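Q: I'm new to this one and would like to go through it step by step. Could you show it to me before we start?
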Amino acid sequence: MIKKLFFLILVALTPAVMAIAQSGPQISITTPTHDFGNIKQGVPATYDFEVKNTGNQPLIIQDVKPSCGCTTPEWPKTPILPGKTAMIKVSYDAASPGPFNKSIFVKSNATNVEKGDRYELRIKGTVQGS
């Protein structure tokens with residue numbers, strides 16, 4: 001009898017626990033890595049990462065930091081409303097020939113990223129010498 005009661009309580013509380021776990025802003029990026037392939041030296045390469053707020057409160061991108069000075073990010077300064085999308089534009093300067101693999105760290109108020117952690121985006125490719 002006690003096991004049955006416990007099971008019924010567990011079943012009844014599951015939707016509430018799931019709703020709490022998914023509350024707040026949620027960051028979702030379908031393709032967190034972009035491969036430019038071969039690019040020409042001295043010609044900057046740019047890619048727009050699509051960011052979606054899959055949560056139920058506004059998502060605020062607080063900061064975007066590249067792993068090196070050769071990469072420049074631009075991000076929305078206004079909140080991304082629930083269900084809406086925005087773009088994080090990343091430009092790579094392509095100054096040096098050879099392969100590259102760079103990280104871009106997105107700091108936000110998203111609740112699906114561990115507190116203090118940043119969401120990581122990546123760009124890679126090969127710069128062909130001129």
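A: Before we talk about its surface, a word on the term: accessible areas here come from the Shrake-Rupley method with a 1.4 Å probe. Please also keep in mind that this is a predicted model.

Q: Okay, so how much area does the protein chain expose?
A: The protein chain exposes about 8,200 Å², and 57% of that area is supplied by carbon and sulfur atoms.

Q: And what percentage of the residues count as buried?
A: Out of the 130 residues in the protein chain, 32% count as buried.

Q: Switching topic, how many helices and strands are there?
A: The protein chain has one helix and eight strands, and if you read along the sequence, the order is α-β-β-β-β-β-β-β-β.

Q: What about contacts between residues at least 6 apart in sequence, how many of those join residues at least 24 apart?
A: Among those contacts in the protein chain, 68% join residues that are at least 24 apart.

Q: How many salt bridges does a search of the whole structure find?
A: Such a search finds two salt bridges. One of them links Lys65 with Asp63, where the closest N and O atoms are 3.6 Å apart, and in the other Arg122 pairs with Glu120, with the closest N and O atoms 2.6 Å apart.

Q: Which is Lys65, buried, partly exposed or exposed?
A: Lys65 is partly exposed, since its relative accessible area is 44% and that class lies between under 20% for buried and over 50% for exposed.

Q: And the Arg122 pair, how accessible are Arg122 and Glu120?
A: Arg122 is partly exposed, having a relative accessible area of 25%, and Glu120 is partly exposed, with a value of 35%.

Methods: Residues are numbered from 1 along each chain as its sequence is written. This is a predicted model: local features need pLDDT of at least 70, side-chain atom pairs count only at pLDDT 80 or more; totals for chains, interfaces and linings use all residues. Side-chain values use heavy atoms; hydrogens and water are left out. Helices (H or I, at least four residues) and strands (E, at least two) are DSSP runs, numbered from the N terminus. Buried means under 20% relative accessible area, exposed over 50%, partly exposed in between (1.4 Å probe, protein chains only). Contact means heavy atoms within 4.5 Å. A salt bridge is a side-chain nitrogen of Lys or Arg within 4 Å of a carboxyl oxygen of Asp or Glu.
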